[in-house]
Amino acid sequence: MQEVRAIKQRRDAVVLLFLTAFLMIFALCRPMVAASLGQKALILAAKNVVPSLFVYAVGAKLLVGANIAALLCRLPTHGMRRLFGISEAGLAAVLVGLFAGFPIGASMLAAFVKRGEMERAEAEVLMPFCNGASASFVIGTVGGVYFHSVRIGVLLLVSQIMATLCVLILTAKKRRAFLPIRAPLSAEDAPFFSVFSRAIGEGASAMVSVTGFIVFFSVLSGAVSYLLGGEGTFFSAVTASVLEISGGLSAVSSLDTGERLRVTLSAFFLGLGGFSVMMQAADRADAAGISMSFYPVGKLLCACLSAVLAFFLR
């Protein structure tokens, strides 16, 4: 076991060293290109990501502070929770994650685990399903701005939600084994002004973190595309989407292919999220000791099913 851990640590160290060396050498050799990529990413985050995400981030913090899991115990949600194989806290995280955007659902899972309202095992298998793109981003940015069609944005959102719910049902049996047999423990109530001010402060901090991830992975994807022939190619669009979804979907929507293929690819990458989103979720998960081992499998299932749904719904 120790040998396996040592091998993984050496592998991670090699990857980090390679990534650091690549970006630093690129920035030294092409400083203007690197600066331009970072500037474009900052503008993208400021125009299309932060405005649609900040309110959701604050709202999620307020819901956790209001003991939403305990409140759901008083509602007739047993059938829904049994169908999806989730607890009251899990239901709250899934519902918010379906519409609020990444990494809001992941932040809620981490908060619930820290407060003792959810088991780490449940949070681990729910992480891929609570970390979707926000309704505002999908409809307003991807649909309205990238595809110039709100209808396509709605189609992509419906595909994402349907895929997530279907995979939740298909994997419910795995989670039912550790569903709590009692109501979740309510954390100590905090004063209203304390919850409210903390929610805004933590929401603002989250936006700084999200922007940092977007800039880093946008520069990385831009550097790779630059070295492999520039933007506008199918390969560069796929690479950008795998690394950072906000700019990647803009590239996918501009490909010189049929609309059905562009919509299907967008649905796939929205379901997948990309490395930037995964790292944001991992950052939140690590703070609560939640494993990310199931995350890639769960997101890949959602991505494939979302793409299939978008293809036929289109």
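Start by selecting Asp 283, which is partly exposed, with a relative accessible area of 40%. Keep in mind as you look around that this is a predicted model.

**A first pair of charges**

Now add Arg 284 to the selection. The side chains of Asp 283 and Arg 284 meet in a salt bridge, with 3.5 Å from N to O. Is Arg 284 buried or exposed? Arg 284 counts as buried, because its relative accessibility is 11% and the cut-off for buried is under 20%.

Side chains of opposite charge can pair when their charged atoms come close. How many salt bridges does the structure hold? There are 2, and your next stop is the pair formed by Glu 117 and Arg 115. Their side chains meet at 2.8 Å, N to O. Glu 117 is buried, at 4% relative accessible area, while Arg 115 counts as partly exposed at 26%.

**Stepping back to the whole chain**

Zoom out and switch to a cartoon view. You will see 16 helices and 0 strands. The chain has 314 residues, and buried residues make up 50% of them. Its accessible surface comes to about 15100 Å², with 69% of that belonging to carbon and sulfur atoms. Among contacts with a separation of 6 or more, 78% join residues 24 or more positions apart.

**An enclosed helix**

Select residues 88-100, which are helix α5. What surrounds this helix? Of its 13 residues, 11 are buried, so α5 is largely enclosed by the rest of the structure. Among the buried ones are Glu 88, Gly 90, Leu 91, Val 94, Val 96 and Leu 98.

You can check the length of α5 too. At 1.5 Å a residue, the helix should span 18 Å, and its end C-alpha atoms are 18 Å apart, which agrees. Move on to Gly 101, which follows α5 and has a positive phi, near 100 degrees.

**A helix of 36 residues**

Next, select residues 192-227 to bring up helix α11. With 36 residues at 1.5 Å each, α11 should span 52 Å; the end C-alpha atoms lie 53 Å apart, which agrees. Just after α11 you will find Gly 229, which takes a positive phi of about 120 degrees.

**Into the core**

Show Leu 126 and Met 127 as sticks. The largest nonpolar core has 72 residues, and these two touch the most other members. Which residues is Met 127 in contact with, leaving aside its neighbours within four places in sequence? They are Ala 106, Leu 109, Ala 281, Ala 285, Ile 290, Met 292 and Tyr 295. Apart from this largest core lies another one, of 13 residues, and you can find it by selecting Leu 23, Phe 26, Ala 34 and Val 215, which are among its members.

**A loop with an unusual angle**

Now go to His 148, in the loop between α8 (135-146) and α9. Most residues other than glycine have a negative phi, and most peptide bonds are trans. His 148, however, has a positive phi, near 55 degrees. At 67% relative accessibility, His 148 counts as exposed, because exposed means over 50%.

**A nonpolar patch on the surface**

Turn on the surface and select Val 150, Val 154, Val 158, Met 162 and Leu 313. Together they form a nonpolar patch with about 380 Å² of accessible area. Which helix gives the largest share of the patch? Helix α9 (residues 150-170) does, with 4 residues. An α-helix has 3.6 residues a turn, so residues three or four places apart point the same way. Val 158, in helix α9, counts as partly exposed at 35% relative accessibility.

**Last stop: helix α16**

Finish by selecting residues 295-313, helix α16, and picking out Leu 305 within it. Leu 305 counts as partly exposed, at 26% relative accessibility. Not counting residues up to four places away in sequence, Leu 305 touches Ala 163, Cys 166 and Val 167. Draw a distance from the C-alpha atom of Leu 305 to that of Gly 271: the two residues are 34 residues apart along the chain, with 8.5 Å between these atoms.

Val 308 is also in helix α16 and is partly exposed, with a relative accessible area of 41%. Which C-alpha distance can you draw from Val 308? Try the one to Ser 159, 149 residues apart along the chain, where the C-alpha atoms are separated by 8.5 Å.

Definitions and conventions
Residues numbered from 1 in each chain as written. Predicted model: local features only at pLDDT ≥ 70, side-chain atom pairs only at ≥ 80, totals over all residues. Heavy atoms only, no water. Helix = DSSP H or I, 4+ residues; strand = E, 2+ residues; numbered from the N terminus. Expected span 1.5 Å × (residues − 1). Patch = residues over 30% accessible without salt bridge, like charges linked within 9 Å, V, L, I, M, F, W, Y side chains within 5 Å. Areas by Shrake-Rupley, 256 points an atom, 1.4 Å probe, with all protein chains shown as cover. Salt bridge = Lys/Arg side-chain N within 4 Å of Asp/Glu carboxyl O. Buried < 20%, exposed > 50% of the residue type's maximum accessible area, 1.4 Å probe, protein only. Contact = heavy atoms within 4.5 Å. Core = buried A, V, L, I, M, F, W, Y, C linked by side-chain atoms within 4.5 Å.
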